Amino acid sequence: MTPSRRSKTKANGMIVVFLRDMTDPFFMPMVTTIEQIADAKGYGVVFVRKCNSTNQHIDHMELIGNKADGVIFLGDGTSRLYEIELLLAVGKPVVVVQGKKQVEGATYLKVDNEKASYDAVNNLIKSGHKRIVHITAPMYLNESLERARGYERAVKKHGLEYQYKIHIDMEYD
C-alpha cells in the first residue's frame, strides 16, 4: 500500500482478522471479500490463526490487535469478552462473526446455521436424494451443533431415518 492511499485517519492502515482455520470452507469466501474490500479502501489485512492456546491468543492481541485500525473475529470461539471490551475501550472498531455473547459497541453478524442446514438438506431431499451425509466441524463448536440440528430436523421431517453413522465429525488440521 502506498502512503498516498492511506487516509490520515488511519493509524497503521491495518485490519486484523482472528480466525480458527484458514481452510474453513464456510469462512473462506468471507476472507476473500474482507481482503478485497480492505484493499479497495487502502487497508492491509493481517490474518491471525486462533489456536486453542490462551497464552498464544493473548500474545497476538498484545502484538497485533492493539496496533490495528480495526479487528474482526471470524468464527465461534475466536473472541473473548475481555478482548472485545479492551479493543472497544481504546477506540478500535470490532466486528464479531458468529459470536455468542455480545458487548455493547461491537458489531455482530450471525448466520442462522440451523436454518441454512435445514434448507440445504430439504432441497436435496426434494431433489430425490435419500441418503445425505452430514460432514461437520468438531461438534464442540456451537455452529456445528446448530447445523447438525438443521440436518436432523430436515431428515426427520421427510420421514427419513436419522442415522448418526452418516453424520461425520471432522477435526480441523
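Which residues does Val 121 touch, not counting residues up to four places away in sequence? I started my notebook here, and I found Ile 132, Tyr 151, Ala 154 and Val 155. A reminder to myself before going on: this is a predicted model.

**Entry 1: Val 121**

I looked up where Val 121 sits, and it is in helix α4. Is Val 121 buried or exposed? Its relative accessibility is 6%, so I wrote it down as buried, the cut-off being under 20%. I then picked one of its partners, Tyr 151, and checked the spacing. The two are 30 residues apart in sequence, yet their C-alpha atoms are 6.1 Å apart in space.

**Entry 2: the whole chain**

I stepped back for an overview. I counted five helices and seven strands in the protein. Reading from the N terminus, I get the order β-α-β-α-β-α-β-β-α-β-α-β. The protein has 173 residues, and 41% of them are buried. I also looked at how far apart in sequence the contacting residues are. Among contacts with a separation of 6 or more, 64% are between residues 24 or more positions apart.

**Entry 3: Ser 117**

Back to helix α4, which covers residues 113–126 and also holds Ser 117. Ser 117 has 10% relative accessibility, so I noted it as buried. What does Ser 117 contact once its neighbours within four places in sequence are left aside? My list reads His 134, Arg 147, Gly 150 and Tyr 151. With Tyr 151 I found some detail: a polar atom of the Ser 117 side chain lies 3.3 Å from the backbone nitrogen of Tyr 151. I checked Arg 149 as well. From Ser 117 to Arg 149 I count 32 residues in sequence, and 8.1 Å from C-alpha to C-alpha.

**Entry 4: where α4 meets α5**

Next I looked at the two helices as a pair. At what angle do α4 and α5 pack? The angle is about 35°, and the axes are 7 Å apart. I noted the crossing as right-handed. I then listed who makes the contact. From α4 the residues are Asn 113, Glu 114, Ser 117, Tyr 118, Val 121, Asn 122 and Ile 125. From α5 they are Glu 143, Glu 146, Arg 147, Arg 149, Gly 150, Tyr 151, Arg 153, Ala 154, Val 155 and Lys 157. I sorted the residues of this contact by type and got six nonpolar, four polar and seven charged. It was nice to meet Val 121 and Ser 117 again in this list.

**Entry 5: salt bridges around α4 and α5**

All those charged residues sent me to the salt bridges. Side chains of opposite charge can pair when their charged atoms come close. How many salt bridges does the structure hold? I found seven.

One of them joins Glu 146 and Lys 110, with the closest N and O atoms 3.3 Å apart. Glu 146 lies in helix α5 (residues 142–157), while Lys 110 is in the loop between β5 (107–109) and α4, so this pair ties together parts that are 36 residues apart in sequence. Glu 146 counts as buried, at 11% relative accessibility.

Another joins Arg 153 and Glu 114, and here too I read 3.3 Å between the closest N and O atoms. This pair links distant parts of the chain, Arg 153 in helix α5 and Glu 114 in helix α4, 39 residues apart. Both residues are partly exposed: Arg 153 has 39% relative accessibility, and Glu 114 has a relative accessible area of 21%. I also noticed that Glu 114, Arg 149 and Arg 153 form one network, joined by salt bridges that share partners.

**Entry 6: Glu 83 and Arg 80**

I moved to helix α3, residues 81–89, where Glu 83 lies. Its side chain meets that of Arg 80 in a salt bridge, 3.8 Å from N to O. The Glu 83 side chain also reaches the backbone nitrogen of Arg 80, at 2.8 Å. Which of the two categories fits Glu 83, buried or exposed? At 1% relative accessibility, Glu 83 is buried. Arg 80, with a relative accessible area of 22%, is partly exposed.

**Entry 7: Tyr 43**

For my last entry I looked up Tyr 43, which I found in the loop between α1 (28–40) and β2 (44–49). Tyr 43 is partly exposed, with 24% relative accessibility. I paired it with Asp 69: they are 26 residues apart in sequence, and 8.9 Å apart from C-alpha to C-alpha.

How values were computed
Residues are numbered from 1 along each chain as its sequence is written. This is a predicted model: local features need pLDDT of at least 70, side-chain atom pairs count only at pLDDT 80 or more; totals for chains, interfaces and linings use all residues. Side-chain values use heavy atoms; hydrogens and water are left out. Helices (H or I, at least four residues) and strands (E, at least two) are DSSP runs, numbered from the N terminus. Buried means under 20% relative accessible area, exposed over 50%, partly exposed in between (1.4 Å probe, protein chains only). Contact means heavy atoms within 4.5 Å. A polar contact is a pair of N or O atoms within 3.5 Å; within protein, one must be able to donate a hydrogen and the other to accept it, and residues adjacent in sequence count only if both atoms are side-chain atoms. A salt bridge is a side-chain nitrogen of Lys or Arg within 4 Å of a carboxyl oxygen of Asp or Glu. Axes are lines fitted to C-alpha atoms, for helices over the stretch in contact, and angles run from 0 to 180 degrees between N-to-C directions. A crossing is left-handed if the near helix is turned anticlockwise from the far one by less than a right angle, and right-handed if clockwise. Ala, Val, Leu, Ile, Met, Phe, Trp, Tyr, Cys and Pro count as nonpolar, Asp, Glu, Lys and Arg as charged, and the others, Gly among them, as polar.
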